[in-house]
Amino acid sequence: MNPVETLVQNFRDLVAEVPELVQPFIVMLAGAIPFIEGEGASPIGVVGGIHPVVAAVAAAAGNFLCVLVVVLISSRARAAAVAHGHRPSSREERPESKGRRRFRRYLVRFGVPGASLLGPLAVPTQFTAAMLIASGTSRSWVLLWQAIAIVFWTTLTTTLVWGVVSFVVA
């Protein structure tokens with residue numbers, strides 16, 4: 001057994017210690033974590049020996065549920081700020097991070113669909129969703145395109161990792 005096969009098998013043995021019914025929920029929780037998200041959680045599940053479709057669905061669901069909560073909270077915060085006529089003072093303004101500047105370019109150039117699909121290359125989907133809501137985009141439009149982006153990226157990474165693991169372990 002080569003070192004990669006040994007590593008995969010050791011990880012699978014560790015995952016096997018968790019009841020089978022609970023394993024997808026762990027992947028779902030991992031999918032809700034920014035920077036791990038669906039595209040990071042599904043490979044964890046696949047490498048851990050969970051069926052790729054189950055891992056992908058669990059990871060995407062966790063990611064989307066977290067985005068849903070962020071969208072609901074941010075839209076209420078934006079509505080309250082707009083209702084009270086809040087304008088940020090110069091002391092509240094901070095320099096934009098490199099990821100936010102890249103995201104803003106995506107939004108200007110490609111609109112909400114492009115920003116949602118390309119946003120994960122710059123910032124986590126939770127941040128993307130909050131920034132889209134802050135820019136005044138409707139909740140339903142943000143949720144639709146975030147769902148599409150989450151499914152796309154999770155499917156892509158699941159398929160790639162499944163192929164690699166199948167090749168290495170076979």
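## Contact order and overall fold

In this predicted model, 69% of the contacts between residues at least 6 apart in sequence join residues at least 24 apart. The secondary structure behind these contacts consists of seven helices and zero strands, so that the order of elements from the N terminus reads α-α-α-α-α-α-α.

The C-alpha trace spans about 65 × 30 × 30 Å along the principal axes of the protein. Of its 170 residues, 36% count as buried.

## Packing of helix 5 and helix 6

Helix 5 covers residues 98-118 and helix 6 covers residues 125-134. The axes of helix 5 and helix 6 lie 11 Å apart and form an angle of about 80°. Because an angle of 65 to 115 degrees counts as roughly perpendicular, helix 5 and helix 6 are assigned to that class.

On the side of helix 5, the contact is made by Arg100, Phe103, Leu107, Val112, Ala115 and Ser116. Their counterparts in helix 6 are Thr128, Met131 and Leu132. By residue class, the contact of helix 5 with helix 6 comprises six nonpolar, two polar and one charged.

## Ser75 in helix 4

Ser75 belongs to helix 4, which extends over residues 52-83. The relative accessibility of Ser75 is 14%; since buried means under 20%, Ser75 counts as buried.

When neighbours within four places in sequence are left aside, Ser75 is in contact with Ile133 and Arg139. Ile133 falls within the range of helix 6, residues 125-134.

## The second largest pocket

The second largest pocket holds about 170 Å³ of space. Its lining is formed by Phe11, Leu14, Val15, Val18, Gln23, Ile26, Val27, Ala30, Ile44, Gly45 and Ile50. Classified by side-chain type, the lining contains nine nonpolar residues, two polar residues and no charged residues. Gln23 and Gly45 belong to the lining, and both residue types count as polar.

Three helices each supply at least two residues of this lining: helix 1 (3-16), helix 2 (23-31) and helix 3 (37-47). The largest share, four residues, is contributed by helix 2. Among the lining residues, Gln23, Ile26, Val27 and Ala30 lie in the range 23-31 of helix 2. Phe11, Leu14 and Val15 lie in the range 3-16 of helix 1, whereas Ile44 and Gly45 lie in the range 37-47 of helix 3.

Terms used. Residues are numbered from 1 along each chain as its sequence is written. This is a predicted model: local features need pLDDT of at least 70, side-chain atom pairs count only at pLDDT 80 or more; totals for chains, interfaces and linings use all residues. Side-chain values use heavy atoms; hydrogens and water are left out. On a 1 Å grid over the protein atoms alone, a cavity is a set of points where a 1.4 Å probe fits but cannot get out, and a pocket is an open set with protein on both sides within 12 Å along at least five of seven lines; lining residues have an atom within 4 Å of a point. Grid points are joined across faces, edges and corners, and a volume is the space filled by probe spheres set on the points. Axes are lines fitted to C-alpha atoms, for helices over the stretch in contact, and angles run from 0 to 180 degrees between N-to-C directions. Angles under 35 degrees count as roughly parallel, over 145 as roughly antiparallel, 65 to 115 as roughly perpendicular and the rest as oblique. Contact means heavy atoms within 4.5 Å. Buried means under 20% relative accessible area, exposed over 50%, partly exposed in between (1.4 Å probe, protein chains only).
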